[in-house]
Amino acid sequence: MNRFEEKTVASKKIFEGKIISLRVDDVELPDGKHAKRELVDHPGAVAVIAITDDGKLVLVEQYRKALNRSIIEIPAGKIDPGEDIEVTALRELEEETGYGANKFEYLQSFATSPGFANEIIHIFVAQGLYKIDKPAAGDEDEFLQLYECTIAEAEEMVLDQRIYDAKTAFAILHAKRLLNN
């Protein structure tokens, strides 16, 4: 056992939904004591830092029920079972923005909420954007507003909390570094 590892002694599934499931694990702590962990299982997601030829970020605004508000964020979505993450990212870019990309590359992955969820988000960078004549339709329960903005405008949106999520704040930081090289 590694120094801080918690060994699962028992696990009980509490809820199985369309996107997530919830379980409660009984764990043995490094000191031999026991504790309970409430955990969310998530299939993972992708997000795309889409940058236009004139150096603008492509963002979408949508309502997020968990926050009871709209936020502006980079295009993103859940990975379908068995789907390659690059395929998911290209699909989400097209569905949410109507764009395709001539240059598309994986950047990195990170945990979104490691204290209680196993969701990993995979970040891609899309450049050489082009409009798709008849883009694939997005989710029927998803309503979006497309934005293209400069890095300075995006930074202002972080400060006034129109941008309110970590993946988008990360995207702005990375895009700023990329565009300044």
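The following paragraphs describe the fold, the helix packing, the salt bridges, the surface and selected loop residues of a predicted protein model.

The structure is a predicted model in which local features require pLDDT of at least 70 and side-chain atom pairs count only at pLDDT 80 or more, whereas totals for chains, interfaces and linings use all residues. Residues are numbered from 1 along each chain as its sequence is written, and side-chain values use heavy atoms, with hydrogens and water left out.

The protein contains three helices and 10 strands, where helices (H or I, at least four residues) and strands (E, at least two) are DSSP runs numbered from the N terminus. Along the sequence, these elements follow the pattern β-β-β-β-β-β-β-α-β-β-β-α-α. Taken along the principal axes, the box filled by the C-alpha atoms is roughly 60 × 35 × 30 Å. Of the 181 residues in the protein, 38% are buried. Here, buried denotes under 20% relative accessible area, exposed over 50%, and partly exposed the range in between, with a 1.4 Å probe and protein chains only.

The packing of helices H2 and H3 was examined through their axes. Helix H2 spans residues 151–159 and helix H3 residues 166–179; their axes come within 10 Å and cross at roughly 160°. Axes are lines fitted to C-alpha atoms, for helices over the stretch in contact, and angles run from 0 to 180 degrees between N-to-C directions. H2 and H3 are therefore roughly antiparallel to each other; angles under 35 degrees count as roughly parallel, over 145 as roughly antiparallel, 65 to 115 as roughly perpendicular and the rest as oblique. The crossing of the two helices is left-handed, a term that applies if the near helix is turned anticlockwise from the far one by less than a right angle, with right-handed used if the turn is clockwise.

A search of the whole structure yields 15 salt bridges, each defined as a side-chain nitrogen of Lys or Arg within 4 Å of a carboxyl oxygen of Asp or Glu. One of them joins the side chains of Asp25 and Arg23, with an N to O distance of 3.1 Å; Asp25 is buried, its relative accessible area being 4%. Lys78 and Asp80 also meet through their side chains in a salt bridge, at 3.5 Å from N to O. Asp80 is partly exposed at a relative accessible area of 33%, and Lys78 is likewise classed as partly exposed, at 25% relative accessibility. A salt bridge is also formed between Lys176 and Glu155, whose closest N and O atoms are 2.9 Å apart. Because Lys176 lies in helix H3 and Glu155 in helix H2, this pair ties together parts that are 21 residues apart in sequence. Lys176 is partly exposed, with a relative accessible area of 36%, and Glu155 is partly exposed at 29% relative accessibility. Salt bridges with shared partners also connect Lys78, Asp80, Glu83, Arg91, Glu92 and Glu95 in one network.

On the surface, Ile14, Phe15, Ile19 and Ile20 make a nonpolar patch of about 350 Å². Patches consist of residues with over 30% relative accessible area and no salt bridge, like charges being joined within 9 Å and nonpolar side chains (Val, Leu, Ile, Met, Phe, Trp, Tyr) within 5 Å. Accessible areas come from the Shrake-Rupley method with a 1.4 Å probe, and for residues only the protein chains shown count as cover. Ile14 is placed in strand E1 (residues 7–16) and is partly exposed at 47% relative accessibility. Ile20 belongs to the loop between E1 and strand E2 (21–28) and is partly exposed, with a relative accessible area of 33%. Ile20 and Arg3 are 17 residues apart along the chain, and their C-alpha atoms are separated by 30 Å.

Two loop residues were noted for their backbone angles. Most residues other than glycine have a negative phi, and most peptide bonds are trans. Asn68, which is not a glycine, has a positive phi of about 55°. This residue lies in the loop between strand E5 (57–64) and strand E6 (69–73) and is partly exposed, with a relative accessible area of 48%. Gln161, also a residue other than glycine, has a positive phi near 65°. Gln161 is located in the loop between H2 and H3 and is partly exposed, at a relative accessible area of 43%.
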